[in-house]
Amino acid sequence: GFQYRMSIKDKYTLIFGGTYSNTTNIHAVKNIITTRFTASTSAVVDTIIQDSSASGDFIIPQRIGFGFSFAQNNHWLFGADVSWQQWSAFLSPFDQFDTLANTLNIAIGGEYIPKKSNNQDDSYFKTIRYRAGLN
């Protein structure tokens, strides 16, 4: 990932950045165990099948994200993020075919500080940070 921060006229701050996660392979082993139980006591009578021969790699798809924030220092801030992951490229090694859709996530948010002060006489509600966002 990367992030870049720049000041504008010593009053505003602009930050933007991005992330990238490459396609990842996760090795897995599939264990199949079939057992027989007695109906009255639920005790195991015997193991009919035990197979650990299937193995392979799950392929987790790449993910890309970008975002920015713009702020008037110590007064307000607005930010947004966008990320996308290519789940249509997901693969399972065990003959399980899932129909997965690519994901697009968008998030926006903001913050407002009515008055930046260390003065004890100021009201609590004038100095706290109000935040809201949507995803």
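Leaving aside its neighbours within four places in sequence, with which residues is Tyr-4 in contact? Keep that question for the second stop. The model on screen is a predicted one, and the tour begins with the whole chain.

**Stop 1: the whole chain**

Show the protein chain as a cartoon and colour it by secondary structure. Eight strands and one helix should appear. Followed from the N terminus, the elements come in the order β-β-β-β-β-β-β-α-β, with the helix placed between the seventh strand and the last one.

Next, switch on the surface. The protein chain has an accessible surface of about 10,200 Å², and carbon and sulfur atoms account for 55% of that area. Of the chain's 135 residues, 19% count as buried. Contacts can also be sorted by distance along the sequence: among those in the protein chain with a separation of 6 or more, 51% are between residues 24 or more positions apart.

**Stop 2: Tyr-4 and strand β1**

Select Tyr-4, which is found in strand β1. To answer the opening question, Tyr-4 is in contact with Leu-14, Ile-15 and Phe-16, once its neighbours within four places in sequence are left aside. Draw a distance from the C-alpha atom of Tyr-4 to that of Ile-15: the two are separated by 5.6 Å, although the residues are eleven apart along the chain. Tyr-4 is partly exposed, because its relative accessible area is 45%.

**Stop 3: the sheet**

Now select strands β1, β2, β5, β6, β7 and β8 together. They make up an open sheet of six strands, in the order β1-β2-β5-β6-β7-β8, with antiparallel pairing. Which strands stand at the edges? They are β1 (2–8) and β8 (130–134); each has a single partner strand, so one side of each has no neighbour in the sheet. Look along the sheet to see its twist, which averages 10° from one strand to the next.

As background for what follows, strands of a sheet pair through backbone hydrogen bonds, either parallel or antiparallel.

**Stop 4: across the strands, pair by pair**

Begin with β2 (residues 12–21), which is joined to β5 by ten bridges, the two running antiparallel. Select Thr-19 here, and then its bridge partner in β5, Gly-65.

Move on to β5 and β6, an antiparallel pair with ten bridges. Two places to click are Phe-66, which stands opposite Val-82 in β6, and Ser-69, which stands opposite Gly-79 in β6. Then go to the turn of this hairpin, where three residues lie between the strands. Asn-74 takes a positive phi near 60° in this hairpin.

The pairing of β6 with β7 is antiparallel too, over ten bridges. Last in this series, β7 (residues 103–112) pairs with β8 in the antiparallel sense over five bridges. Select Gly-110 to find one of these positions: its bridge partner in β8 is Ala-132.

**Stop 5: aromatic rings**

Hide the cartoon and show the side chains of Phe, Tyr and Trp. How many aromatic pairs does a search of the whole structure find? The search finds seven. One to look at is formed by Phe-68 and Phe-78: the ring centres are 6.0 Å apart and the planes meet at 55°, so the pair is tilted. Phe-68 lies in strand β5 (residues 63–72) and Phe-78 in strand β6, so this pair ties together parts that are ten residues apart in sequence. Phe-68 is partly exposed, with a relative accessible area of 37%, and Phe-78 is partly exposed with a value of 37%.

Then select Tyr-12, Phe-70 and Trp-76, which ring pairs link into a cluster.

**Stop 6: Gln-85**

Finish at Gln-85, in strand β6 (residues 76–85). Is Gln-85 buried or exposed? Gln-85 is buried, because its relative accessible area is 12%, and the cut-off for buried is under 20%. Show its surroundings: beyond residues up to four places away in sequence, Gln-85 touches Ile-60, Pro-61, Gln-62, Arg-63, Asn-102 and Thr-103. Among these, Thr-103 is the bridge partner of Gln-85 in β7. For the last distance, pick the side chain of Gln-85 and the backbone oxygen of Pro-61, which it reaches at 3.1 Å.

Conventions. Residues are numbered from 1 along each chain as its sequence is written. This is a predicted model: local features need pLDDT of at least 70, side-chain atom pairs count only at pLDDT 80 or more; totals for chains, interfaces and linings use all residues. Side-chain values use heavy atoms; hydrogens and water are left out. Helices (H or I, at least four residues) and strands (E, at least two) are DSSP runs, numbered from the N terminus. Buried means under 20% relative accessible area, exposed over 50%, partly exposed in between (1.4 Å probe, protein chains only). Contact means heavy atoms within 4.5 Å. Accessible areas come from the Shrake-Rupley method with a 1.4 Å probe; for residues, only the protein chains shown count as cover. A polar contact is a pair of N or O atoms within 3.5 Å; within protein, one must be able to donate a hydrogen and the other to accept it, and residues adjacent in sequence count only if both atoms are side-chain atoms. Two strands pair if DSSP finds at least two bridges between them. Axes are lines fitted to C-alpha atoms, for helices over the stretch in contact, and angles run from 0 to 180 degrees between N-to-C directions. Rings of Phe, Tyr and Trp (its six-membered ring) pair if their centres lie within 6.5 Å; planes under 30 degrees apart count as stacked, over 60 as edge-to-face and the rest as tilted.
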